[in-house]
Amino acid sequence: MLMNEKIKASEVELTGLQEENLGIVSTKEALRMAKELNVDLICLSLATSPPPCKLVSRDEYQQQRVQEKKKERKAAQGHKTKEIRLSAYIEQHDYDTKKRQAERILHSGDAVQLCVRLEKKETQQAKELIEQLVKELGHCGRQEKGIQVSGKQVVAVLFPC
């Protein structure tokens, strides 16, 4: 970002402190206005001629840049996937607790992997349990793939809506 005296253009398209359009003015005039108001002159883009510039207080500008960087970092990370393990023969109270945990994770913006570890011949019960849980969590999460049954576990992944 070019600021203040680093702006080399002879004219700039100036925007004021309250987003008002001040038109095209000379760079010297824009710098004079910035010094009078005790703010900075910031060049927003060099792609056009005259370049768009804005009068911004230094503190406000710094806070805005920090917030933009936070948003970029969060967008770059994507979704985290958190696993919730269940058993095929789970009691109702434990089931309700796991369901609340999954809802909380989905509302926070992360994905949930529901996993039932199998012992002996529990495949059908585990699949029914996962189907029921996915149906009950439908209001806060969506399932992109079906329920995956492998040798020793049954898995479903829910993404936040």
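This tour goes through the sheet of a predicted model and ends on a helix with a charged patch.

Start with the strands. Colour the 5 strands and read across the open sheet: the order is β1-β4-β5-β2-β3, and the pairing is mixed. Now select residues 2–3 (β1) and 21–26 (β3). These two strands stand at the edges with a single partner strand each, so one side of each has no neighbour in the sheet.

Next, select residues 40–43, which make up β4, together with residues 52–56, which make up β5. The two strands run antiparallel to each other and are joined over 4 bridges. To find one residue pair here, show Leu41, whose bridge partner in β5 is Leu55. With side chains displayed, keep in mind that in a regular strand they alternate between the two faces of the sheet.

Move on to residues 11–15, strand β2, which pairs with β3 in the antiparallel sense over 5 bridges. Show Glu13 and look across to β3, where Ile24 stands opposite. Then follow the chain through the hairpin of β2 and β3, which has 5 residues between the strands. Stop at Glu19 in this hairpin: its phi is positive, near 65°.

Leave the sheet and select residues 58–77, helix α2. Which residue of this helix should be picked out next? Take Lys70, which is found in α2. Is Lys70 buried or exposed? Its relative accessibility is 51%, and because exposed means over 50%, Lys70 counts as exposed.

Finally, add Arg65, Lys69 and Arg73 to the selection; with Lys70 they form a positive surface patch.

Notes. Residues numbered from 1 in each chain as written. Predicted model: local features only at pLDDT ≥ 70, side-chain atom pairs only at ≥ 80, totals over all residues. Heavy atoms only, no water. Patch = residues over 30% accessible without salt bridge, like charges linked within 9 Å, V, L, I, M, F, W, Y side chains within 5 Å. Areas by Shrake-Rupley, 256 points an atom, 1.4 Å probe, with all protein chains shown as cover. Salt bridge = Lys/Arg side-chain N within 4 Å of Asp/Glu carboxyl O. Lys, Arg positive; Asp, Glu negative; His and termini not counted. Charge placed at Lys NZ, Arg CZ, Asp CG, Glu CD. Buried < 20%, exposed > 50% of the residue type's maximum accessible area, 1.4 Å probe, protein only. Pairing = 2+ DSSP bridges.
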